[in-house]
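Here is a protein model to explore, with a focus on its pockets, its charged pairs and a few odd spots in its backbone. Keep the structure open beside the text and find each residue as you read.

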Amino acid sequence: MKSENGGRALRVGLVGDYNPQVKAHVAIPKALALASGEEGLGVEAAWVATSSLGDDPGERLAPFDALWCVPASPYANTEGALGAIRFARERRVPFLGTCGGFQHAVIEYARNVLGHARADHAETNAAAEMPLIAPLACALVGARGRVRFAAGSRVGDIYGAGEAVEEYNCSYGFNPGYLPLLERSAMKVTGVDDEGGVRVVELPEHPFFVATLFQPERSALAGRTHPLVRAFLCAASVEGRAHKR
């Protein structure tokens, strides 16, 4: 498949364990199709099961122009998902993490950049010494809520607005007790809810590394193109052209 401008199709790896019963998994290909159609970009998306990712995921992931770590964790292979996120972060591959992808992006960063090897997810390790991802005070299953964006942030620029209402389907989020860790790091909190709960993080120095607790892909189920998905593909297109030079 080629894009409308004659270039080869962008290859997007969907890191997660596909389940047709998961609404987000059904929505993601639709979201990519809507965004690629608006941008005139050909896109080939492929599911990358976490069980297929070993200690060194580079060979499996190298063919992709962008990686999306998708919802529906716990993953079959948590370390595989974390390895894919690390690959995207270190190799500067455009990355989008939504819901479970957000949760694991924060864990990967805490472990491999901030040096907190015990950072963990309370859903898979209830006795975690450092439950960076913990149960939300109020579960966000099938919920909608306002997200406020930080001034000057990439996500704010993408939306062209200071806030948006987004859809969730999760019961776990960033543990606010560990917020000082991010405040001192290069991973920036750029979206919060009305109570200050972390809803978006990004790495400003990365070509595109954005993770959201909400699920932007769900807009596709109503036939709407989401600005984050469109920006994700545009970043992949730019980086793909740069790498061909």
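## A walk around the model

Let's start out on a loop. Leu221 sits in the loop between strand E10 (209-212) and helix H7 (227-244). Keep in mind that this is a predicted model. Is Leu221 buried or partly exposed? Its relative accessibility is 41%, and a residue counts as buried only under 20%, so Leu221 is partly exposed. Leu221 also has company: together with Tyr18 and Val26 it forms a nonpolar patch on the surface. The accessible area of those three residues together is about 260 Å².

**The largest pocket**

Now for the hollows. The largest pocket has a volume of about 390 Å³. Its lining is made of 22 residues, and the ones closest to the centre are Leu136, Asp193, Glu195, Gly197 and Arg199. Strand E6 (130-149), strand E7 (163-174) and strand E9 (198-202) are the elements that each give two or more residues to this lining. Which of them gives the largest share? That is E6, with nine residues. Sorted by character, the lining of the largest pocket holds 11 nonpolar, five polar and six charged residues.

Two of the residues close to the centre of this pocket, Asp193 and Arg199, are also partners. Their side chains meet in a salt bridge, with 2.9 Å from N to O. Asp193 is buried because its relative accessibility is just 13%. Arg199 is buried too, since its value is 8%.

While you are in this area, look for Val201, which belongs to strand E9. With a relative accessibility of 0%, Val201 counts as buried. Try tracing the chain from Val201 to Lys188: the two are 13 residues apart in sequence, and their C-alpha atoms are 5.4 Å apart in space.

**The second largest pocket**

Next comes the second largest pocket, with a volume of about 310 Å³. It is lined by 18 residues, and nearest its centre lie Asp55, Pro57, Leu82, Gly83 and Arg86. Here the contributors include helices: helix H3 (78-91) and helix H4 (100-112) each supply at least two lining residues. How many residues does H3 bring? It brings eight, which is the largest share of this lining. The mix of characters is four nonpolar, six polar and eight charged residues.

**Charged partners**

In total, the structure holds 16 salt bridges. Here are three of them, with the gap between the closest N and O atoms:

| Salt bridge | N to O distance |
|---|---|
| Asp193 and Arg199 | 2.9 Å |
| Asp120 and Arg111 | 3.5 Å |
| Glu90 and Arg89 | 3.7 Å |

The pair of Glu90 and Arg89 is part of something bigger than a pair, as Arg86, Arg89, Glu90 and Glu108 are linked in a network of salt bridges. You have already met Arg86, one of the residues nearest the centre of the second largest pocket. What about the cover over these residues? Glu90 counts as partly exposed because its relative accessibility is 45%. Arg89 has a relative accessible area of 14%, so it is buried. Over at the bridge between Asp120 and Arg111, Asp120 is buried as well, at 16% relative accessibility.

**Odd spots in the backbone**

Finally, zoom in on the backbone itself. Where is the cis peptide bond? Look at the step from Ser73 to Pro74, where omega is near 10°. Pro74 lies in the loop between strand E3 (66-69) and H3.

Then follow the chain along to Arg92, in the loop between H3 and strand E4 (95-98). Arg92 has a positive phi of about 60°, although it is not a glycine. At 40% relative accessibility, Arg92 is partly exposed.

Cys99 is another residue that isn't a glycine but has a positive phi, in this case about 55°. You'll find Cys99 in the loop between E4 and H4. Is Cys99 buried or exposed? Its relative accessibility is 6%, so Cys99 counts as buried.

Technical notes. Residues are numbered from 1 along each chain as its sequence is written. This is a predicted model: local features need pLDDT of at least 70, side-chain atom pairs count only at pLDDT 80 or more; totals for chains, interfaces and linings use all residues. Side-chain values use heavy atoms; hydrogens and water are left out. On a 1 Å grid over the protein atoms alone, a cavity is a set of points where a 1.4 Å probe fits but cannot get out, and a pocket is an open set with protein on both sides within 12 Å along at least five of seven lines; lining residues have an atom within 4 Å of a point. Grid points are joined across faces, edges and corners, and a volume is the space filled by probe spheres set on the points. Helices (H or I, at least four residues) and strands (E, at least two) are DSSP runs, numbered from the N terminus. Ala, Val, Leu, Ile, Met, Phe, Trp, Tyr, Cys and Pro count as nonpolar, Asp, Glu, Lys and Arg as charged, and the others, Gly among them, as polar. Patches are made of residues with over 30% relative accessible area and no salt bridge: like charges are joined within 9 Å, nonpolar side chains (Val, Leu, Ile, Met, Phe, Trp, Tyr) within 5 Å. Accessible areas come from the Shrake-Rupley method with a 1.4 Å probe; for residues, only the protein chains shown count as cover. A salt bridge is a side-chain nitrogen of Lys or Arg within 4 Å of a carboxyl oxygen of Asp or Glu. Buried means under 20% relative accessible area, exposed over 50%, partly exposed in between (1.4 Å probe, protein chains only).
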